[in-house]
Amino acid sequence: MQLRFSILITALALAACSAPTPPVPAPQPVPPPSAPLAAPPVVAPVQQAADWIDWPIEAGTWVYRTDARGSVALFGPAGGDAVLTLRCDKGRGRVYLSVAGSSAGSLTVRTSSTLKTFTAIPSSVTPPYVAAEIMPADPLLDAMAFSRGRFAIEIGDARAMAVPNWGEVARIVEDCRA
């Protein structure tokens, strides 16, 4: 019995040596609701600079895919329709540059070293696109791939945009030349 008593005393002595539990902090008062936020000010549209190299780069990303016809690089907002498409059609031996829009007329491509204008051919798809046919050996494709960070596309007077020239552009050119 004495052994049990001494074990019990030892256990109680050890329990008394543990750190006390910290007191529970009092809840913080909830701040009163603030006044509703005012609507953001209306910002006028940004004027494009006269020189295309100073235009803001169009928002979006490039996506590269292959299919039965060859390969395609799509540029546009994530999860949205492409605003620009480069397609290597292996069967026809052509590169097709398509831009969202319905303005037939001219399609101009500007790079840091080249300027070239094509006849824009409207498509029959929805949303509408205009397209230009480019031969795979055309130096414009190299200029687009190696332009200084961007190239510009203009569809008549309807649309103008600067697009980043990521690696997908060069991949399309390589695919059509192989």
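Contacts between residues 24 or more positions apart account for 52% of the contacts in the protein with a separation of 6 or more. This figure, like those that follow, comes from a predicted model. The protein has 3 helices and 9 strands, and along the sequence these elements follow the pattern α-β-β-β-β-β-β-β-α-β-β-α. Of the 178 residues in the protein, 34% are buried. The exposed surface comes to about 11,700 Å², with carbon and sulfur atoms supplying 62% of it.

A good place to look inside is the aromatic pairing, where the count comes to 1 pair. The ring centres of Trp62 and Phe75 are 5.3 Å apart and the planes meet at 50 degrees, so the pair counts as tilted. Trp62 belongs to strand E1 (residues 61-67) and Phe75 to strand E2 (residues 70-76), so the pair ties together parts that are 13 residues apart in sequence. Both partners are tucked away from the surface probe: Trp62 counts as buried because its relative accessibility is 6%, and Phe75 counts as buried because its value is 0%.

Arg150 offers a charged counterpart to this picture. The residue is found in strand E8 (residues 150-155) and is buried, yet Arg150 has no salt bridge. The nearest side chain of opposite charge belongs to Asp54 and is 6.5 Å away, whereas a salt bridge requires a distance within 4 Å. The Arg150 side chain does, however, reach the backbone oxygen of Ile53 at 3.1 Å. Apart from neighbours within four places in sequence, Arg150 is in contact with Trp52, Ile53, Asp54, Trp55 and Ile57, and also with Ala162, Val163, Pro164 and Asn165. Asp54 and Ile53 thus appear again here, among the contacts of Arg150.

Further along the chain, Asp157 is found in the loop between E8 and strand E9 (159-164). Asp157 counts as exposed because its relative accessibility is 84%. In sequence, Asp157 and Ser103 are 54 residues apart, while their C-alpha atoms are 8.5 Å apart in space.

Arg171, finally, has its place in helix H3 (residues 167-177). With a relative accessibility of 41%, Arg171 counts as partly exposed. A separation of 83 residues in sequence lies between Arg171 and Cys88, and the C-alpha to C-alpha distance for these two residues is 9.5 Å.

Technical notes:
Residues are numbered from 1 along each chain as its sequence is written. This is a predicted model: local features need pLDDT of at least 70, side-chain atom pairs count only at pLDDT 80 or more; totals for chains, interfaces and linings use all residues. Side-chain values use heavy atoms; hydrogens and water are left out. Helices (H or I, at least four residues) and strands (E, at least two) are DSSP runs, numbered from the N terminus. Buried means under 20% relative accessible area, exposed over 50%, partly exposed in between (1.4 Å probe, protein chains only). Contact means heavy atoms within 4.5 Å. Accessible areas come from the Shrake-Rupley method with a 1.4 Å probe; for residues, only the protein chains shown count as cover. Lys and Arg count as positive and Asp and Glu as negative; His and the chain ends are not counted. A polar contact is a pair of N or O atoms within 3.5 Å; within protein, one must be able to donate a hydrogen and the other to accept it, and residues adjacent in sequence count only if both atoms are side-chain atoms. Rings of Phe, Tyr and Trp (its six-membered ring) pair if their centres lie within 6.5 Å; planes under 30 degrees apart count as stacked, over 60 as edge-to-face and the rest as tilted.
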